[in-house]
Amino acid sequence: MDNFEFYSPTYFVFGKNTEEKAGELVKKFGGSKVLVHFGGGSVVRSGLLDRVCDSLRKENIEYVKLGGVMPNPRSSLVYEGIELCRKENVDFILAVGGGSTIDSAKAIALGAVYDGDFWDYFGGGTVTNSLPIGTVLTIAAAGSEGSPNTVITHENGMYKRSTKGDCLRPKFSILNPELTTTLPAFQSASGITDIVAHLYERYLTNTKDVEVTDRLIEALLLTMKSEAPKVIENPKDYEARANIMWAGMLAHNNMCGVGRSQDWNSHSFEHELSALYDCAHGAGLAVAMPAVLRYVVKKDVMRFAKVANRVWGCDMDFDNPERTAIAGIDALQNFFISIGMPKNFEELGAKEEDIDYLVETLCCSPERNGYIEGYVKLDKEDCKNIYRLML
Ligand code: NZQ
Ligand code: ZN
């Protein structure tokens, strides 16, 4: 196991009606003038935004509102939010929504206290200063409620890039599984896929002897495998929603990733797809991840065979472990398909003729030097081959 430092100070409040505590929690963490940030309207329609604002008023906390975050959040709204925070002397940002809203809030939070362009941080560097943020989560997916990351698409070039910093971990996150029962089945499935992908990105490691984190990842994958079909079958299944919501946080606050190298190449392939086609992040991953795994399976077949056997129940073929490894990737892809995710470019709405462009933006943006580096280092030819596997 590698040396590591792990600091994950978010205060979690989990369960029914917990959004009523938003005002109390903002006060506890020192907020007095709040930017309430939200998405395209689901929280208005469900009445959640009103309930959250009521709880702020109950604590005599002033607030301004900024809605309109799109899935795959854009830079223009971040610039607007930064201006608004400065004009209104905002000292706390409360994100009410999904990963896109939380990521937009994090970008505003870092930009509001930075003299330069907030985008300077995206593509390298660690953020060390930001306004504090809190979240009221409405979809189990990105894990941004406990992560130090934010992912934004810059409209100038449509680059989708990320940055990170422990100061971007929310001060508190409110997780009420009931809030996720209004999700359309496709969004629930996209979120489930993203959670599973966050676990696989960590499972693919070049670090030896990481049994404790391997076992944690396997436990969370088994949970996703058993609970996902329940919420697709019955969107109001509170217990299944609750298990998935907490698994989504545990999958991505990095407790499963400490002390080991990680992959993240599937995410890089996907970010180009959602930047170009504006597809749901999870749907893009359902297409990208099996292709990436098939391409790199030979690097360490026993690692792939282990997850195939322990999670997907594939027979361990000791004479030909590659057979088990590939059966495990097939099982993963069939799981994605079974919950309604696309399996190829066509179903995702992607186009074969765009592959050269996708490879260019993937490998040749200013901070990358003709390749991407994760579990396996991939050059432009490899990336092209992998996109072709998605056809
Ligand atoms: O915008 P509204 O109207 O709220 O609708 C949203 C949106 O259309 C809707 N929705 C959310 N909660 C709902 C709901 N509809 C009905 N009922 C509810 N309870 O769902 C749609 C998707 O929302 P979004 O916030 O985009 O989903 P998600 O949480 O999957 O976030 C995706 C973004 O997170 C990034 C992705 O790249 C993508 O941009 N990621 C962020 C990470 C991080 N910060 O650590 C890591 C991830 O790997 C990921 O890259
Ligand atoms: Zn993800």
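Where in the protein is Asn-254 found? Select this residue in the predicted model, and you will see that Asn-254 sits in the loop that runs between helix H8 (238-252) and H9. With a relative accessible area of 21%, Asn-254 is partly exposed, because the buried class is reserved for values under 20%. If you then add Val-297 to the selection and draw a C-alpha to C-alpha distance, the two residues turn out to be 24 Å apart in space, with their positions 43 residues apart in sequence.

**The whole chain**

Zoom out now and colour the model by secondary structure, which brings up 15 helices and 10 strands in the protein. Taken along the principal axes, the box filled by the C-alpha atoms is roughly 70 × 45 × 45 Å. The radius of gyration is 20 Å, which agrees with the value near 21 Å that a compact globule of 391 residues would have. If you colour by accessibility instead, buried residues make up 58% of the 391 residues.

**Ligand 1 and its shell**

Next, select ligand 1 and display the 32 residues around it, of which Gly-40, Ser-42, Gly-99, Ser-100 and Asp-103 come nearest. Begin with Gly-99, where a polar backbone atom is 2.7 Å from an oxygen atom of the ligand. Move on to the side chain of Asp-103, in which an N or O atom is 2.7 Å from a nitrogen atom of ligand 1. For Ser-144, the corresponding distance from a side-chain N or O atom to a nitrogen atom of the ligand is 3.2 Å. A surface drawn on ligand 1 alone would have 960 Å² of accessible area, and the protein covers 89% of it. To see which elements give two or more residues to this shell, highlight helix H5 (99-111), strand E6 (149-154), helix H6 (185-203) and helix H9 (265-277). Colouring the shell by residue class shows nine nonpolar, 20 polar and three charged residues.

**His-281 and its partner**

From the ligand, go to His-281, whose place is in helix H10 (residues 281-296). His-281 counts as buried at 18% relative accessibility, and its side chain is joined to that of Asp-194 by a polar contact of 2.9 Å.

**The cysteines**

How many disulfides does the structure hold? Select the cysteine sulfur atoms and you will find zero disulfides. Cys-53 is in no disulfide, and the nearest cysteine sulfur to it, that of Cys-85, is 15 Å away; Cys-53 itself counts as buried, at 3% relative accessibility. Cys-363 deserves a careful look, since the sulfur of Cys-383, the nearest cysteine sulfur, is 3.7 Å away, and a disulfide would require the pair of sulfur atoms to be within 2.5 Å. Cys-363 is therefore in no disulfide, and at 0% relative accessibility this residue counts as buried.

**Two asparagines with positive phi**

Most residues other than glycine have a negative phi, and the next two stops depart from that pattern. Asn-17 has a positive phi, near 60°, and its place is in the loop between strand E1 (11-14) and helix H1 (22-28). Asn-72, likewise not a glycine, has a positive phi of about 60°, and belongs to the loop between strand E3 (62-66) and helix H4 (75-88). Are these residues buried or exposed to some degree? Asn-17 counts as partly exposed at 42% relative accessibility, whereas Asn-72, with a relative accessible area of 6%, is buried.

**Two distances to draw**

For the last stops, select Gly-124, in the loop between H5 and strand E5 (133-137), where a relative accessibility of 42% makes the residue count as partly exposed. The C-alpha atom of Gly-124 is separated by 6.8 Å from that of Thr-163, although the two residues are 39 residues apart along the chain. Then turn to Lys-230 in helix H7 (residues 211-233), which is partly exposed with a relative accessible area of 37%. A line drawn from Lys-230 to Val-210, C-alpha to C-alpha, spans 31 Å, for a pair that is 20 residues apart in sequence.

Notes: Residues are numbered from 1 along each chain as its sequence is written. Chains are lettered from A and ligands numbered from 1 in the order in which they are written. This is a predicted model: local features need pLDDT of at least 70, side-chain atom pairs count only at pLDDT 80 or more; totals for chains, interfaces and linings use all residues. Side-chain values use heavy atoms; hydrogens and water are left out. A residue is near a molecule or strand if one of its heavy atoms lies within 4 Å of it. A polar contact is a pair of N or O atoms within 3.5 Å; within protein, one must be able to donate a hydrogen and the other to accept it, and residues adjacent in sequence count only if both atoms are side-chain atoms. Accessible areas come from the Shrake-Rupley method with a 1.4 Å probe; for residues, only the protein chains shown count as cover. Helices (H or I, at least four residues) and strands (E, at least two) are DSSP runs, numbered from the N terminus. Ala, Val, Leu, Ile, Met, Phe, Trp, Tyr, Cys and Pro count as nonpolar, Asp, Glu, Lys and Arg as charged, and the others, Gly among them, as polar. Buried means under 20% relative accessible area, exposed over 50%, partly exposed in between (1.4 Å probe, protein chains only). The radius of gyration is taken over C-alpha atoms; the globule rule is 2.2 Å times the number of residues to the power 0.38.
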